[in-house]
Amino acid sequence: MRKVLLVVISLLLLADLAGTGLVVSSGRGTLSSELASFGLSSGRAWFSIGSLSFGEIGEKGMVKTFSNPHGVNLSLRPYVTRPGNGEGWNGFVLDYERMGIIFSVDERPLAGISFSGEWVEAAMMAVYGDGGGRGFHYDAGESQEFTTVYAGFDLSPGAFRLTALMSYAAEVGSRSFLSAGFSIDDYSFSVSIGSLIALQDSFSPVFGIRGSFGEQGYLFMFSFSSGDVPVFSDDYRRKDAYALSLLEFGDIEFRSEMETAFTRRGKRVHRERFSFSWKQVEAGYDTEEGIFIILRAGDFTAGYENGIPFIGFSPSVSGDSFSIRMMIGGDGSFDLHLRADL
């Protein structure tokens, strides 16, 4: 019912707008104009009407930062992104000049507000919880959902950056996070310490470092975080690490990525991906997907990926006020992109 209501509201708001376009493809569609857009993605609705947006709020911005402050690309502004696969966390975001407001009754209900200046961001968010948990012996701040208040600020004058966050729940008390570092062109480094009361998952690191360095044609990025001391002797201190190396010689690019993690129970998760690309050719190896090779030539795409050979064809036709593009895959998939300016 909620999705139907969103569709009706969006269509009514878009009905009288000029420059409307329609995009239809497998499992998703978009209706858009210069002032608004509405879409479906993986069975989930999203829209943007002026300063008001609705969609996935947990993948970027305020919610993501309070959920995993030791991650990368921190921001205290609320953001809406196009929904991906899975349930996700739906919500509304209202942008007004330098102020942002976020609201959601999905998952755990929440409401928040942020302010963004030239070199400062500040935010406060309240999240509802019923106190339900997983067991008596677990850390309540990581395993139970209490009504919690989050707040923080992010200062970035010049090359330096300081981020301070806090969280408070009456049943747990307060927990805080602090990060300090610098960034100059492709050179950056920061250290973070502390943890917050869990927002979306049961793991909150207590220490982390991240950084990058590079010159023209080369870039290296890395991050590492470590969890708190476990409760039981058969548990382990969780760790997460990521590294990216990128090397370019004209049209030739070499790329290497690595992710590894040790879970609370000692399980090791590891993935590596190596790739080489030159103009329309990309090839490499992924420890989870195996060997892959992709060839692109005009409207044709062919290759081998995830253990399956594929071929695609994407012809297009366009005019002064319309465009049509079809994408036909060798596995029988079919996408149609249609836009008409009215």
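Buried means under 20% relative accessible area. The legends below refer to a predicted model.

**Figure 1. Overall view of the predicted model, with three helices and 25 strands.** The protein has 342 residues, and 34% of them count as buried. Its accessible surface comes to about 19,400 Å², with 61% of that area belonging to carbon and sulfur atoms. Of the contacts between residues at least 6 apart in sequence, 34% join residues at least 24 apart. Nine salt bridges are found in a search of the whole structure; some of them appear in the next two views.

**Figure 2. Close-up of R271 and its two acidic partners, D286 and E289.** A salt bridge joins the side chains of D286 and R271, with an N to O distance of 2.8 Å. Because D286 belongs to strand β19 (residues 281-286) and R271 to strand β18 (residues 268-278), this pair ties together parts that are 15 residues apart in sequence. D286 has 0% relative accessibility and therefore counts as buried, the cut-off being under 20%. R271, at 26% relative accessibility, counts as partly exposed. R271 also forms a salt bridge with E289, where the closest N and O atoms are 3.4 Å apart. This second pair links distant parts of the chain, 18 residues apart: E289 is in the loop between β19 and β20 (290-297), and R271 is in strand β18. E289 has 28% relative accessibility, so it counts as partly exposed.

**Figure 3. Close-up of the salt bridge between R296 and E282.** The closest N and O atoms of R296 and E282 are 3.9 Å apart. R296 is in strand β20 and E282 in strand β19, and the pair links these distant parts of the chain, 14 residues apart. R296 counts as partly exposed at 39% relative accessibility. E282 also counts as partly exposed, at 21% relative accessibility. Elsewhere, salt bridges with shared partners join R271, R273, D286, E288 and E289 into one network.

**Figure 4. Close-up of the largest nonpolar core, a set of 20 residues.** The residues with the most contacts inside this core are V63, F66, L110, M125, Y150 and L199. Two or more core residues come from each of the elements α2 (62-67), β9 (120-130), β10 (146-155) and β11 (160-169). Around L199, with neighbours within four places in sequence left aside, the contacts are V63, F66, S67, W89, R108, M125, V127 and Y150. V63, F66, M125 and Y150 thus appear both among the contacts of L199 and among the core residues with the most contacts.

**Figure 5. Close-up of E56 in strand β5 (residues 52-56).** E56 counts as buried because its relative accessibility is 4%, and buried means under 20%. The side chain of E56 reaches the backbone nitrogen of W89 at 3.2 Å. Leaving aside neighbours within four places in sequence, E56 is in contact with R44, Y79, V80, T81, R82, P83, G88, W89 and N90. W89 is also one of the contacts of L199, a residue of the nonpolar core in Figure 4.

**Figure 6. Close-up of a nonpolar patch on the surface, with about 1,100 Å² of accessible area.** The patch is formed by F153, F160, L162, L178, F182, I184, Y187, F189, V191, I193, F207 and F213 together. Elements that give two or more residues to the patch are β11, β12 (173-184), β13 (187-194) and β14 (207-215). β13 gives the most, with four residues. F160, one of the patch residues, lies in strand β11. Its relative accessible area is 58%, so F160 is exposed; the cut-off for this class is over 50%. Strand β11 also gives two or more residues to the nonpolar core of Figure 4.

**Figure 7. Close-up of L40 and P83, 43 residues apart along the chain.** The C-alpha atoms of L40 and P83 are separated by 8.4 Å. L40 is found in strand β3 (residues 36-41). With a relative accessible area of 34%, L40 is partly exposed. P83 is also one of the residues in contact with E56, shown in Figure 5.

Technical notes:
Residues numbered from 1 in each chain as written. Predicted model: local features only at pLDDT ≥ 70, side-chain atom pairs only at ≥ 80, totals over all residues. Heavy atoms only, no water. Salt bridge = Lys/Arg side-chain N within 4 Å of Asp/Glu carboxyl O. Buried < 20%, exposed > 50% of the residue type's maximum accessible area, 1.4 Å probe, protein only. Contact = heavy atoms within 4.5 Å. Areas by Shrake-Rupley, 256 points an atom, 1.4 Å probe, with all protein chains shown as cover. Core = buried A, V, L, I, M, F, W, Y, C linked by side-chain atoms within 4.5 Å. Polar contact = N/O pair within 3.5 Å; in protein donor to acceptor, adjacent residues only side chain to side chain. Patch = residues over 30% accessible without salt bridge, like charges linked within 9 Å, V, L, I, M, F, W, Y side chains within 5 Å.
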